[in-house]
Amino acid sequence: MALSSKDRIEPGSFNVPVGTFPATCSSTGIDADTIASEVIRQLNTALGLKQPQEVSKLFLEDGYWRDHLVVTWDFRTVKGQENITKLLQENPGLLQVEIDRSSIFRAPTVFPIDAFGDVTGIHFFIKVTTDVGVGEGVVRLAEKDGEWKIFTFYTSLMGINGIEEKINRHRPVGVSHGEHHDRRNWQDRRTADINYEGKSPTVLIVGAGQAGLTIAARLKMLDIDALIIDEEDRIGDNWRRRYHQLVLHDPVWFDHLPYLQFPANWPIFTPKDKLAEFFECYAKLLELNVWTKTKLLSTSWSDANNVWTIEIQRQKEDGIVETRTFNPRHVIQATGHSGKKNLPEFKGVETFQGKRICHSSEFPGADPNSKGKKAIVVGSCNSGHDIAHDYFEKGYDVTMVQRSSTCVISSASIVNIGLKGLYEENAPLVEDADLFLWSIPSELFKAQQKKVTAVQVQNDKATLDGLEKAGFKVDRGPDDAGLLIKYLQRGGGYYIDVGASQLIVDGKIKVKQGQEIAEVIPHGLRFADGSELEADEIIFATGYQNMRTQARIIFGDEVADRIQSVWGYNEEGEMRTIWQRSGHPGFWFMGGNLALCRYYSRLLALQIKSVELGLNH
């Protein structure tokens with residue numbers, strides 16, 4: 001049976017089912033630390049004796065073990081005692097688990113293990129030691145028949161044995177005292193480094209947005225030489241060039257970058273140009289090697305030597321254009337969450353006689369001198385709403401064409417309900433919040449988000465009812481699990497309301513709903529039902545294709561044909577291909593919003609480091 005529009009998924013991916021939670025604990029006067037200590041003692045005993053079946057008996061029958069690079073070099077989520085036994089039988093390297101009591105948030109405590117406290121259990125953080133490295137994780141215990149069992153167990157690799165990040169106690173000295181022959185100062189060495197005088201990068205990163213910058217930062221701290229290239233004139237131009245009124249829809253606490261967080265006076269919602277400036281500062285302060293005004297000329301991969309041959313052309317700061325050939329062992333495509341722009345082919349585009357017809361990625365902003373002109377925005381997600389909002393404020397008569405339904409959640413509901421307690425002022429450290437968030441198996445995350453969405457919808461009821469009356473069709477996302485799940489499962493189909501919804505409710509932005517476009521006509525659009533809309537400008541806010549399509553454009557068919565599909569869940573509820581092996585040796589994808597890039601950049605960097613050390617073949 002075909003999925004409805006709200007439940008649509010990436011082709012070939014899985015519609016993750018809604019998980020179920022155990023019953024809330026019935027005991028009172030719970031000593032969380034004592035109970036957690038006993039469970040971990042039994043776990044370590046079984047692990048030490050290499051008894052996977054005894055380990056799995058400590059879990060609920062339908063318990064979860066989610067692992068990111070600790071038990072295997074993959075992203076895995078296994079459910080049920082039998083599957084947990086099999087995972088450990090095939091990968092016997094886990095050695096020891098220790099409860100982390102370094103903070104109140106991390107220490108064992110009686111805590112809701114669902115979204116809103118309907119199910120009470122025990123939660124705590126752990127430290128993990130393996131024969132390869134060290135990790136951290138989160139454990140949630142549930143009570144069944146008077147016995148405490150593991151409900152979810154998460155392990156995430158934090159470091160490789162003998163390899164320390166060059167931060168804090170391991171930061172560089174910065175000077176070499178005494179007699180030496182290299183009299184270059186810091187600026188001399190920095191100039192030589194960024195110009196790659198006499199050397200080639202180990203990793204070439206294509207794209208200098210948040211994905212490229214965060215993975216470069218993580219690699220640098222692991223002492224891996226990485227060069228970012230980008231065709232833009234300046235770092236951050238991919239944000240500067242977007243429509244005039246663009247402001248991030250996620251709050252600042254959710255958007256911090258690794259190693260260098262936003263200052264304490266940073267606005268809750270970041271304007272695009274301010275973010276671009278921060279990206280430039282980020283690259284400079286962390287000494288990331290970035291070449292702008294640089295494009296790929298050719299790429300080829302050698303299976304025999306496990307190395308790339310990549311020719312690039314760069315315009316230097318003095319205006320001189322140079323061509324360089326590098327031989328990196330890894331290439332990371334960090335060109336954005338998606339691939340090439342999704343611009344459907346419509347009959348009659350060439351006949352349009354208005355001022356502008358383009359994709360949203362090419363929209364420079366509404367013309368303030370065009371008051372009274374007619375504009376059509378095709379698409380009803382974030383970009384479509386923002387662009388329609390911009391047109392209205394500039395005095396246009398604007399109509400939004402909505403072809404299917406949209407998941408709409410107000411920005412206030414995101415901040416005050418969706419992220420409250422985890423990403424807000426005076427919340428836990430962002431590293432703790434990230435570990436807590438991504439420790440949740442996808443099935444349970446979907447169940448949590450279904451509860452969260454129900455509360456958000458009630459909070460936004462007046463707006464949502466008004467949208468329906470205005471002819472704008474809303475939904476609650478896949479399985480009524482809301483915006484975040486729609487983002488992860490499909491990559492679109494939602495709007496975080498920052499004001500445009502009320503304009504639709506008030507009739508200030510008109511809506512044409514449910515009709516497919518038949519053709520572009522000289523002065524507007526004609527629809528399948530024969531109706532027409534006049535327009536001086538038409539913007540197609542129709543999203544983007546899969547990242548794999550961009551890989552085909554940049555690297556050619558030979559590379560793209562070996563790459564697996566990107567985004568969407570696999571059968572275990574892990575994201576497909578992104579931040580992990582792509583199917584092509586030496587080729588990796590990096591992308592997502594700022595929060596995803598912050599967290600998963602560490603895991604991708606550790607995989608590349610493990611390959612360089614010969615640990616991960």
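This is a short talk on one helix, some salt bridges, two backbone angles and the aromatic contacts in the structure above. Please keep in mind throughout that what you see is a predicted model.

Let me begin with helix α5, which covers residues 210–221, has 12 residues and reaches 17 Å from its first C-alpha to its last, close to the 16 Å expected at 1.5 Å a residue. How much of α5 is buried? The count is 11 of the 12 residues, so the helix is largely enclosed by the rest of the structure. If you would like to pick the buried residues out on the screen, they are Gln210, Ala211, Gly212, Leu213, Thr214, Ile215, Ala216, Ala217, Arg218, Leu219 and Met221. After α5 comes Asp223, and the phi of Asp223 is positive, near 65°.

That brings me to backbone angles, where the background is that most residues other than glycine have a negative phi. Tyr196, which is not a glycine, has a positive phi of about 50°, and Tyr196 is placed in the loop between α4 and β8, the latter being residues 203–206. Is Tyr196 buried or exposed? With a relative accessibility of 0%, Tyr196 counts as buried. Asp479 is another non-glycine residue with a positive phi, in this case near 55°, and Asp479 belongs to the loop between β19 and α13. The relative accessible area of Asp479 is 26%, which makes this residue partly exposed.

Let me turn now to charges. Side chains of opposite charge can pair when their charged atoms come close, and the structure holds 43 salt bridges, from which I have chosen a few to walk through with you.

In the pair of Glu147 and Lys149, the closest N and O atoms are 3.8 Å apart. On the acidic side, Glu147 is partly exposed at a relative accessible area of 44%, while on the basic side Lys149, at 19% relative accessibility, counts as buried; the cut-off for buried is under 20%, and I would ask you to read that label with the number beside it.

A salt bridge also joins the side chains of Arg190 and Asp193, at 3.2 Å from N to O. These two residues are three apart in helix α4, residues 186–194, and are therefore separated by about one helical turn. Arg190 is buried, with 11% relative accessible area, whereas Asp193 is partly exposed, with 23%.

For Lys486 and Asp475, the salt bridge is 2.9 Å from N to O. This pair links distant parts of the chain, with Lys486 in helix α13, residues 482–489, and Asp475 in strand β19, residues 474–475, the two being 11 residues apart. Lys486 counts as buried at 0% relative accessibility, and Asp475, with a relative accessible area of 11%, is buried as well. Beyond individual pairs, salt bridges with shared partners join Arg234, Asp237, Arg240, Glu277 and Glu280 into one network.

The last topic is the aromatic rings, where a pair is described by the distance of the centres and the angle of the planes. How many aromatic pairs does the structure hold? There are 31 aromatic pairs. One of them is formed by Trp438 and Tyr600, an edge-to-face arrangement with 5.7 Å from centre to centre and 65° between the planes. Since Trp438 lies in helix α10, residues 430–438, and Tyr600 in helix α17, residues 594–612, the pair ties together parts that are 162 residues apart in sequence. Both Trp438 and Tyr600 are buried.

The rings of Phe587 and Phe589 have centres 5.2 Å apart and planes at 85°, so this pair too is edge-to-face. Phe587 counts as buried at 1% relative accessibility, and Phe589 is buried with a relative accessible area of 0%. Returning to Trp438 and Tyr600, ring pairs link both of them with Phe75, Trp567, Trp579 and Tyr599 into a cluster.

I will finish with two contacts between a charge and a ring. The charged end of Lys274 sits over the ring of Trp266, at 4.3 Å from the ring centre, and the charged end of Lys512 sits over the ring of Phe527, at 5.0 Å from the centre of that ring.

Notes: Residues numbered from 1 in each chain as written. Predicted model: local features only at pLDDT ≥ 70, side-chain atom pairs only at ≥ 80, totals over all residues. Heavy atoms only, no water. Helix = DSSP H or I, 4+ residues; strand = E, 2+ residues; numbered from the N terminus. Expected span 1.5 Å × (residues − 1). Buried < 20%, exposed > 50% of the residue type's maximum accessible area, 1.4 Å probe, protein only. Salt bridge = Lys/Arg side-chain N within 4 Å of Asp/Glu carboxyl O. Phe/Tyr/Trp six-rings, centres within 6.5 Å; stacked < 30°, edge-to-face > 60°. Lys NZ or Arg CZ within 6 Å of the ring centre and 35° of its normal.
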